[in-house]
Amino acid sequence: MGKMESKSVTAAPSEEQDIIEKHELFGWELKSSQEVLSRDSHLENRGDDLYNVTTTQNYVKLVFQRDAESPIAAKARSVEDEYWRLYRRTQPIYFPKKSKLLNLLPLILCGFMLLVGVMSLFQNYSFGEKLAHFALSLVFAAVFFGVSYVYRRFGYQRKVDTYLENKSRIEAIEADMKTV
């Protein structure tokens, strides 16, 4: 055995086994695991009342070790940083979601613009001014809706494509490291 290298990682208790398995891919061996429960309690003054506020942190501290001169460590160094950078962004909670508000907001604003245009028809303007106000609100509503539609359609798809590319790169690194 040659020179040993070690590293310490913190993770949520629910992720502990997954993190251990991922590190084993890169030649790391678990040396210790310690669950840490940290409670912080302090007083807060809110108006005329005094409150006791307690915050709790629960995490697992994992310590890994590997032989720095092993063939797996040499191969792992080239992809390990990239793997862990992409790993967090490929968890299910980071999958892009379509926002309902993002879908409704353009419709509401377009409706408001059209309402302003329709209201201008009932004002004391000449027929030409009424028509110009209505046409202008119609153009603004159409342009705004078009731009928001394009962003929602292609912006969301770009986020999904990036997520899937990261996921496939993670899987490729895992498959490559399993062959070592």
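This is a conversation about reading the sheet, the helices and the salt bridges of a predicted model.

Student: Let's begin with the sheet. How many strands form it, and in what order?

Tutor: There are 3 strands, forming an open sheet in the order S1-S3-S2, and the pairing is antiparallel. S1 and S2 stand at the edges with a single partner strand each, so one side of each has no neighbour in the sheet. From one strand to the next, the twist averages 20°.

Student: How many bridges join S2 to S3?

Tutor: Strand S2 (residues 29-46) and strand S3 (residues 49-67) run antiparallel and are joined by 17 bridges. You can follow the pairing residue by residue: Val36 stands opposite Tyr59 in S3, and Ser41 stands opposite Thr54 in S3.

Student: And what sits between those two strands?

Tutor: S2 and S3 form a hairpin, with 2 residues between them. Look at Gly47 in the turn, which has a positive phi of about 70°. There's another glycine to look up, too: Gly27, just after H1, takes a positive phi of about 85°.

Student: Now the helices. How do I describe two packed helices?

Tutor: You give the angle between their axes and the distance between the axes. Here, helix H1 (residues 16-25) and helix H2 (residues 71-87) pack at an angle of about 145°, and their axes are 9 Å apart.

Student: Which residues meet there?

Tutor: On the H1 side you'll find Asp18, Ile19, Lys22, His23 and Leu25, and they meet Ile72, Tyr83, Trp84 and Tyr87 in H2. Sorted by type, the residues of this contact come out as 6 nonpolar, 1 polar and 2 charged.

Student: Where do these helices lie relative to the sheet?

Tutor: H1 lies across S1, S2 and S3, running at about 25° to S3. H2 packs on the sheet as well, touching S1 and S3, and its direction makes about 155° with that of S3.

Student: Which residues of H1 are buried?

Tutor: Ile19, Ile20, Lys22, His23 and Leu25 are buried in H1. The buried residues of H1 pack against S1, S2, S3, H2 and H4.

Student: Lys22 is a charged residue on that list. What does Lys22 form a salt bridge with?

Tutor: Its partner is Glu174, and the closest N and O atoms are 2.8 Å apart. Glu174 lies in helix H4 (residues 127-178) and Lys22 in helix H1, so the pair ties together parts that are 152 residues apart in sequence. Both Glu174 and Lys22 are buried.

Student: How many salt bridges does the whole structure have?

Tutor: A search of the whole structure finds 10. Try the one between Arg77 and Glu5, where the closest N and O atoms are 3.0 Å apart. Arg77 is in helix H2 and Glu5 is in strand S1 (residues 4-11), 72 residues apart, and the pair links distant parts of the chain.

Student: Are those two residues buried or partly exposed?

Tutor: Buried means under 20% relative accessible area. Arg77 is at 38%, so Arg77 counts as partly exposed. Glu5, at 22%, also counts as partly exposed.

Student: What about Glu80: where is it, and is it buried or exposed?

Tutor: Glu80 is in helix H2, and its relative accessibility is 7%, so Glu80 counts as buried. Glu80 forms a salt bridge with Lys7, the closest N and O atoms being 3.6 Å apart. Since Glu80 lies in helix H2 and Lys7 in strand S1, the pair ties together parts that are 73 residues apart in sequence. Lys7 is at 25% relative accessibility, so Lys7 counts as partly exposed.

Student: What else does Glu80 touch?

Tutor: Leaving out residues up to four places away in sequence, Glu80 touches Lys7, Phe26, Trp28 and Arg66. A polar contact of 3.1 Å joins the side chains of Glu80 and Arg66. Put together, Glu5, Lys7, Arg66, Arg77 and Glu80 are linked in a network of salt bridges.

Student: One last residue in H2, please. What does Val79 touch?

Tutor: Not counting residues up to four places away in sequence, Val79 touches Phe26, Arg169, Ile173 and Met177. The C-alpha atoms of Val79 and Ile173 are separated by 7.2 Å, while the two residues are 94 residues apart along the chain. Val79 has a relative accessible area of 13%, so Val79 is buried.

Notes:
Residues numbered from 1 in each chain as written. Predicted model: local features only at pLDDT ≥ 70, side-chain atom pairs only at ≥ 80, totals over all residues. Heavy atoms only, no water. Pairing = 2+ DSSP bridges. Helix = DSSP H or I, 4+ residues; strand = E, 2+ residues; numbered from the N terminus. Axes fitted to C-alpha atoms, helices over the stretch in contact; angles between N-to-C directions. Contact = heavy atoms within 4.5 Å. Buried < 20%, exposed > 50% of the residue type's maximum accessible area, 1.4 Å probe, protein only. Polar contact = N/O pair within 3.5 Å; in protein donor to acceptor, adjacent residues only side chain to side chain. Salt bridge = Lys/Arg side-chain N within 4 Å of Asp/Glu carboxyl O.
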